[in-house]
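Welcome! Please take a moment to look over the sequence and the 3D view before reading on.

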Amino acid sequence: MDTELLLTFLTVARSGGISAAARELHRSQPAVTERLQKLTQQVGEPLTMRSGRGIRLTPAGEALLSTAQRMREVVDEFDDIVLRRQRLQNGVLRIAATNTVANYFLPQHLVAFQRQFPDVELQLRGGIIDWSNISLSDWDLFFLEGGLDLEGLPSYYTVTPWLYDEIMTIFPEGHPLLAQDDLTLESLMSYPMIWRERASGIRRSVEQVFHDAHLVPKQSIEVTGVEAVGAAVDAGLGIGFVTAAALRCRKDWRVHVRRLPSPHGIQWTLYMARPQPIYQSHTIRAFLQFLDADAVRASDTAAASPH
């Protein structure tokens, strides 16, 4: 069934003639006549007959009219859905992320995006520790603390670096090491340390630095999430490691910050898994462009700020 044939028939029936339908459809009269003839051949009996200067419907045409009207409604609904999605007046953006990313890196982007596109529904699942426990097909974008964390992604997804941050070493107030001018990784070895869960990208990055320095730190206390690390250090339970973004947000933590190993500290990369462009919805594409624009604005701000 050619939809255009049925819609042309509907226009002819409503307008009462071939010439009027041709003007409404912005087609030539022969083109409209040809479509009407093709539909008549498919039905197998006449759909219209001459009536004065116009036409009237045959019983077969009358029987087909209600179907043509429903087809017009369906096509209009389809066009409206497509237009609304193209204008981001409709759509859903589904994001899955680890604890740190969901708490400290994504919120500002999501708030700004929703202000610009309030009709897009945002779904965010944070705090993911084990990616094997979620259904990957239920989500559009994935934000990770390690480039190889996510197994089983469809072949049309790519994992790329998204943001770069720094992991800072934090000490509780009154810690004995704070009296030393020069701190090293070796100087931490005699003191209790607060560690994230084993799946944490922060923990793996810190452990790699200790491993490269041929040091084996004590596995004193293990907690889940960056908030728990900050709270434990604040309470005086030991030394911890948190992202610089968390420290910028949590001014209430009573901790002292050091960059170890000095002078460069521990650099950290966050990753994003996204579908290739050909598989991206309008909503996904708009959000990725929004993130790129945010990155450019942040870069321009940093370049303009005094050093």
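The sections below walk through the model, from its confidence to a few individual residues.

## How confident is the model?

What you see is a predicted model. Its chain averages a pLDDT of 88, and 93% of the residues score at least 70. One stretch to treat separately is residues 296-307, where pLDDT stays under 50. For this stretch the model has two contacts beyond four places in sequence.

## Helix α4

Let us start with helix α4, which covers residues 59-86. Its 28 residues, at 1.5 Å each, should span 40 Å, and the C-alpha atoms at its ends lie 41 Å apart, so the two values agree. The helix also has a kink of about 30°, centred on Leu 65.

Leu 65 is listed among the buried residues of α4, together with Ala 60, Gly 61, Leu 64, Ala 68 and Val 75. What do these buried residues pack against? Their partners are α1 (3-15), α3 (29-43) and β2 (54-57). Just after α4 comes Leu 88, with a positive phi of about 55°.

## A buried arginine

Arg 196 sits in the loop between β7 (194-195) and α8 (201-212). Is Arg 196 buried or exposed? Its relative accessible area is 3%, under the 20% limit, so Arg 196 counts as buried.

The side chain of Arg 196 has polar contacts with two other side chains: Thr 100 at 3.1 Å and Glu 197 at 2.9 Å. Leaving aside residues up to four places away in sequence, Arg 196 touches several others, including Asn 99, Glu 145, Ile 202, Glu 222 and Val 229.

## Aromatic rings

The structure holds 12 aromatic pairs. One of them joins Phe 113 and Phe 117: the ring centres are 5.0 Å apart and the planes meet at 50°, a tilted arrangement. Phe 113 is buried, with a relative accessible area of 0%, and Phe 117 counts as buried too, at 16%.

Elsewhere, one aromatic cluster is made up of Trp 131, Phe 142, Tyr 156, Tyr 157 and Tyr 279.

## Glu 186 in helix α7

Helix α7 (residues 185-188) contains Glu 186. At 46% relative accessibility, Glu 186 is partly exposed, because that class lies between 20% and 50%. The side chain of Glu 186 makes a polar contact of 3.3 Å with the side chain of Thr 184.

How far apart are Glu 186 and Thr 3 in space? Measuring from C-alpha to C-alpha gives 75 Å, with their positions 183 residues apart in sequence.

## Backbone details

Two cis peptide bonds are worth finding in the view. One runs from Leu 260 to Pro 261, with omega near -10°, and another from Ser 262 to Pro 263, with omega near 5°. Pro 261 is in the loop between β10 (255-258) and β11 (266-275), and Pro 263 also has its place in the loop between β10 and β11.

Two histidines have a positive phi although neither is a glycine: His 26, near 60°, and His 214, about 60°. His 26 belongs to the loop between α2 (18-25) and α3, while His 214 lies in the loop between α8 and β8 (221-222). His 26 is exposed, with a relative accessible area of 70%; His 214 counts as exposed as well, at 73%.

Conventions
Residues are numbered from 1 along each chain as its sequence is written. This is a predicted model: local features need pLDDT of at least 70, side-chain atom pairs count only at pLDDT 80 or more; totals for chains, interfaces and linings use all residues. Side-chain values use heavy atoms; hydrogens and water are left out. Helices (H or I, at least four residues) and strands (E, at least two) are DSSP runs, numbered from the N terminus. Buried means under 20% relative accessible area, exposed over 50%, partly exposed in between (1.4 Å probe, protein chains only). A polar contact is a pair of N or O atoms within 3.5 Å; within protein, one must be able to donate a hydrogen and the other to accept it, and residues adjacent in sequence count only if both atoms are side-chain atoms. Contact means heavy atoms within 4.5 Å. The expected span of a helix is 1.5 Å times one less than its number of residues. The bend at a residue is the angle between axes fitted to the seven residues ending there and the seven starting there. pLDDT is the predictor's confidence in each residue, from 0 to 100. Rings of Phe, Tyr and Trp (its six-membered ring) pair if their centres lie within 6.5 Å; planes under 30 degrees apart count as stacked, over 60 as edge-to-face and the rest as tilted.
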